[in-house]
Protein chains: 2
Amino acid sequence: MNTYTIKEMREKFDIPSSTLRYYEEIGLFPEVMRTETNQRIYTDEHIDRLHAINCFKRTGLPMAKMHDFFEYAENLPCHIDDIIDMMEDHEKDIICQMEKMQQDLDHIQQKVRYYNKIKTAMEQGTPWPCFEDC
Amino acid sequence: MNTYTIKEMREKFDIPSSTLRYYEEIGLFPEVMRTETNQRIYTDEHIDRLHAINCFKRTGLPMAKMHDFFEYAENLPCHIDDIIDMMEDHEKDIICQMEKMQQDLDHIQQKVRYYNKIKTAMEQGTPWPCFEDC
DNA sequence: TCTTGACTTCAAGTATACTTGAAGTGTTAG
DNA sequence: CTAACACTTCAAGTATACTTGAAGTCAAGA
């Protein structure tokens with residue numbers, strides 16, 4: 001099993017050490033071992049956990065729910081239905097977010113086209129397009 | 001031009017009135033007119049603005065940048081390049097978010113499959129699958 | 001050995017985006 | 001006409017997710 005210092009962790013994930021200590025403090029991390037001089041030693045388990053946290057974070061799962069998730073995962077026999085429900089709900093939520101995100105992207109691209117047309121019109125002195133033209 | 005009370009606005013967008021007042025306070029809204037008794041009157045311009053704010057918000061554009069955007073849009077001849085840059089950057093950012101979101105969705109779907117396999121194994125008393133099986 | 005820098009704890013501070021409360025004015029149904 | 005409720009302002013409070021600072025310990029090179 002590989003081990004990592006806090007420096008290696010922060011460099012691997014490009015996050016401040018304070019964030020790693022914070023995640024530990026709020027109980028998002030499995031127990032972190034220490035050297036004889038009290039410095040943190042992380043393992044591959046922490047690497048996996050941090051990947052999961054980042055995935056959940058990017059997809060908008062609040063930390064309180066991540067906390068529940070990791071608790072369920074540590075006691076699967078009692079919480080198999082809870083964890084499945086949570087993940088299926090989150091899956092639906094992400095799909096919903098992606099659909100909205102696609103629509104929002106369409107709107108932004110429409111704006112890009114519109115303002116580029118205006119720029120062209122400004123440079124050539126032709127009349128301004130209206131927004132509906134896009 | 002249609003007009004709307006604060007009640008109509010909050011029902012149309014399903015947001016609290018306080019949010020509408022807040023957006024106005026921080027300058028995200030065009031001037032809001034009042035009745036003789038000082039109550040706010042919104043117009044279609046505010047409807048459009050609120051749609052834009054929601055689109056920007058969902059795609060992670062901070063309010064400070066929305067503020068700049070609306071300022072640029074009100075003075076296009078000076079800021080046509082700024083507004084195009086901002087929208088093209090935001091477009092790239094959204095595309096990047098969508099790619100990550102798709103990967104994150106894959107991970108979540110993998111978890112859903114994995115925990116469902118475990119549930120089946122639990123019910124049938126067969127050995128637990130390992131995570132790599134998914 | 002000294003000094004520079006990294007680590008530690010713990011408490012307090014910050015950023016973003018609102019939300020709530022108090023105190024007052026206006027509006028409407030019975 | 002009064003009760004109940006919606007609106008107003010302004011200041012202060014809240015939630016989430018960290019970040020920073022102070023004070024101290026530890027480590028490694030000149």
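## Exercises on a predicted protein–DNA model

B:Asp14 sits in the loop that joins helix H1 (6–13) to H2 in chain B. The model is a predicted one, and the exercises below work through its backbone, its DNA contacts and its cysteines.

### Exercise 1. Positive phi angles

Task: State what phi B:Asp14 has and whether the residue is buried or exposed.

Solution.
- Step 1. The phi of B:Asp14 is positive, about 55°, although the residue is not a glycine.
- Step 2. With a relative accessibility of 69%, B:Asp14 counts as exposed, the cut-off being over 50%.

Task: Do the same for A:Asn38, and locate it in chain A.

Solution.
- Step 1. A:Asn38 has a phi near 75°, which is positive in a residue other than glycine.
- Step 2. Its place is the loop between strand E2 (33–34) and strand E3 (40–43) of chain A.
- Step 3. A:Asn38 has 51% relative accessibility, so it counts as exposed.

### Exercise 2. The surface near DNA strand C

Task: Describe the protein surface near DNA strand C, from residues to polar contacts to elements.

Solution.
- Step 1. DNA strand C is surrounded by 18 residues, and the closest are A:Arg10, A:Arg40, B:Thr19, B:Thr37 and B:Met63.
- Step 2. By class, this surface consists of six nonpolar, six polar and six charged residues.
- Step 3. On the DNA side, sugar or phosphate accounts for 83% of the strand C atoms within 4 Å of the protein, and bases for the rest.
- Step 4. Phosphate oxygens of strand C have side-chain N or O atoms at 2.9 Å in A:Arg34, at 2.7 Å in A:Arg40 and at 2.7 Å in B:Thr19.
- Step 5. Two or more residues of the surface come from each of helix H1 (6–13) of chain A and helix H2 (17–25) of chain B. H2(B) gives the largest share, four residues.

### Exercise 3. The surface near DNA strand D

Task: Repeat the description for DNA strand D, and say which contact uses a backbone atom.

Solution.
- Step 1. Around DNA strand D there are 18 residues; A:Thr19, A:Thr37, A:Met63, B:Arg10 and B:Arg40 are the closest.
- Step 2. The class count is six nonpolar, six polar and six charged residues.
- Step 3. Among the strand D atoms within 4 Å of the protein, 83% are sugar or phosphate atoms and the rest belong to bases.
- Step 4. A polar side-chain atom of A:Thr19 is 2.7 Å from a phosphate oxygen of strand D. For A:Thr37, a side-chain N or O atom is 2.9 Å from a phosphate oxygen of the strand.
- Step 5. The backbone contact belongs to A:Met63, where a backbone N or O atom lies 3.4 Å from a phosphate oxygen of strand D.
- Step 6. Helix H2 (17–25) of chain A and H1 of chain B each supply at least two residues of this surface. H2(A) provides the largest share, four residues.

### Exercise 4. Cysteines

Task: Give how many disulfides the structure holds, and explain why A:Cys96 is not in one.

Solution.
- Step 1. Over all chains, the structure holds zero disulfides.
- Step 2. A disulfide is a covalent bond between the sulfur atoms of two cysteines.
- Step 3. The cysteine sulfur closest to that of A:Cys96 is in B:Cys55, 15 Å away, and therefore too far for a bond; the cut-off is 2.5 Å.
- Step 4. As to accessibility, A:Cys96 is partly exposed at 33%, while A:Cys55 is buried with a relative accessible area of 6%.

Notes. Residues numbered from 1 in each chain as written. Chains lettered and ligands numbered in written order. Predicted model: local features only at pLDDT ≥ 70, side-chain atom pairs only at ≥ 80, totals over all residues. Heavy atoms only, no water. Near = heavy atom within 4 Å. Polar contact = N/O pair within 3.5 Å; in protein donor to acceptor, adjacent residues only side chain to side chain. Nonpolar A, V, L, I, M, F, W, Y, C, P; charged D, E, K, R; others polar. Buried < 20%, exposed > 50% of the residue type's maximum accessible area, 1.4 Å probe, protein only.
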